[in-house]
Amino acid sequence: MVSDMISRDGAEMLQIVNLKKTFPVRTGFFSRAKGFVNAVDDVSFTIKKQETMGLVGESGCGKTTLGRCILRLIEATGGQVLFEHRDLMTIAKRDLRKLRKEMQIVFQNPYASLDPRMTVYDLIAEPIRVHKLFSHGAISKRVMELLKQMNLESKDAYRYPHEFSGGQRQRIAIARALSLNPRFIVLDEPTSALDISVQAQILALLRNLQADLGLTYLFISHNLAVIRAMSHRVAVMYVGRIVELAECDEIFDSPLHPYTEALISAEPNPDPQVKHKRTPLQGDIPSPINPPSGCPFHTRCPQTWELCREQKPQYLEVSKGHYVACHLRVK
């Protein structure tokens, strides 16, 4: 059983067990469901306290949906999300509201995630007011502290989001996420809309915040270089399923799943003198409405064989801490 891999030693902050999210595909005048999209399909893993779990995969594989299901920004179809052994899927709304301040999210696009009608002060102060954490005077002090942490000036508190650069906007979004002193943050492609030099600044900021505040991250990205720079462990996602999970160095140095191998081989090498062997993938990602039988990757896999077409591989631990779903590796 996949759930058998969940540790009981208390070191985990988050335990995701057999999580599923299905979206109906509706058509016609009466909007009847003609099929279903398995956006998240039986996903299980843990996130340890003060670690960064990297989640990587192609666009459309379900990464963002998984992150939002974990926080119950959208409701999962099935499974469990245990935040320090409290099941977020069944918890009462009143108790969930109290836990919101422990879990926050930084969205991909700071242009869209910040209300253009609100000043920076109000954007950061709003969650504090909603949760009634501080008095009016203390709120002002907290906002100024956060701006200083983000390397922004106090006068910036009275400006509007359109007056800032993309990198500054993302700093404001991070400050807003930190305003409630959370312990767990979902970072959903937090640097993909930024220039390379600004990306490096934001990543350094996130690392420093984690070290100073003891934060735990789920870092979602399609950029392997960013994942490698930020993650302690890495989960690789394909068509709604986790196909490989291991320590970061082990994933990049000794990948086991053919999909992981292909992703890593596609990463550009800055040294033109180094010969780089690529593993090209054939075809397109299969439709999640009508996925192929057996292993969902077999239609693109260069190493496929008959069993791959007939039977879905189990997701099992093949070495300490290294999980993979592949018939070639699990026998």
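## A first look at two sheets and their helices

Gln 50 is exposed, because its relative accessible area is 51%; exposed means over 50% relative accessible area, buried under 20% and partly exposed in between, with a 1.4 Å probe and protein chains only. This is a predicted model, in which local features need pLDDT of at least 70, side-chain atom pairs count only at pLDDT 80 or more, and totals for chains, interfaces and linings use all residues. Residues are numbered from 1 along each chain as its sequence is written, and side-chain values use heavy atoms, with hydrogens and water left out.

Let us stay with Gln 50 for a moment. Gln 50 sits in the loop between strand 2 and strand 3 (52–56). Its phi is positive, near 65°, although the residue is not glycine. Most residues other than glycine have a negative phi. Glu 189 also has a positive phi, near 50°, and is found in the loop between strand 7 (184–188) and helix 7. Is Glu 189 buried or exposed? With a relative accessible area of 7%, Glu 189 is buried.

Now to the sheets. Helices (H or I, at least four residues) and strands (E, at least two) are DSSP runs, numbered from the N terminus. Two strands pair if DSSP finds at least two bridges between them.

One sheet is open and has four strands in the order 2-1-4-5, with antiparallel pairing. Strand 2 (32–48) and strand 5 (86–87) stand at its edges with a single partner strand each, so one side of each has no neighbour in the sheet. Strand 1 and strand 2 form a hairpin with four residues between the strands, and there Gly 28 has a positive phi near 85°. Helix 1 (residues 63–70) lies across strand 1, strand 2 and strand 4, running at about 120° to strand 1. Such angles run from 0 to 180 degrees between N-to-C directions, with axes fitted to C-alpha atoms, for helices over the stretch in contact; contact means heavy atoms within 4.5 Å.

Another open sheet has eight strands in the order 6-7-8-3-9-10-12-11, and its pairing is mixed. Its edge strands, strand 6 (103–106) and strand 11 (316–319), pair on one side only. From one strand to the next, the twist averages 20°.

Here are some pairs from the two sheets, each with a pair of bridge partners where you can start looking:

| Strands | Sense | Bridges | Bridge partners |
|---|---|---|---|
| Strand 1 and strand 2 | antiparallel | twelve bridges | Leu 19 and Val 43 |
| Strand 1 and strand 4 | antiparallel | five bridges | Ile 16 and Val 81 |
| Strand 3 and strand 9 | parallel | four bridges | Gly 54 and Val 234 |

Two helices pack on the eight-stranded sheet. Helix 6 touches strand 6 and strand 7, and its direction makes about 170° with that of strand 6. Helix 7 touches strand 3, strand 7 and strand 8 (216–221), at about 160° to the direction of strand 8.

These two helices also meet each other. The axes of helix 6 (residues 166–178) and helix 7 (residues 196–213) come within 10 Å and cross at roughly 20°. That makes the two helices roughly parallel, a term for angles under 35 degrees. Their crossing is right-handed, so the near helix is turned clockwise from the far one by less than a right angle. Helix 6 brings Gly 167, Gln 170, Arg 171, Ile 174 and Leu 178 to the contact, while the residues from helix 7 include Val 198, Gln 201 and Ile 202. The residues of this contact divide into eight nonpolar, three polar and one charged. Here Ala, Val, Leu, Ile, Met, Phe, Trp, Tyr, Cys and Pro count as nonpolar, Asp, Glu, Lys and Arg as charged, and the others, Gly among them, as polar.

Helix 10 (258–265) offers another view. Seven of its eight residues are buried, so helix 10 is largely enclosed by the rest of the structure. Among the buried ones are Pro 258, Tyr 259 and Leu 263. The buried residues of helix 10 pack against helix 8 (224–230), strand 9, strand 10 (241–247) and helix 9 (248–253).

In the loop between helix 10 and helix 11 (306–310) you will find Asn 290. Asn 290 counts as exposed, at 62% relative accessibility. How far apart in space are Asn 290 and Asn 38? Their C-alpha atoms are 9.5 Å apart, while 252 residues separate them in sequence.

Key: Parallel < 35°, antiparallel > 145°, perpendicular 65-115°, else oblique.
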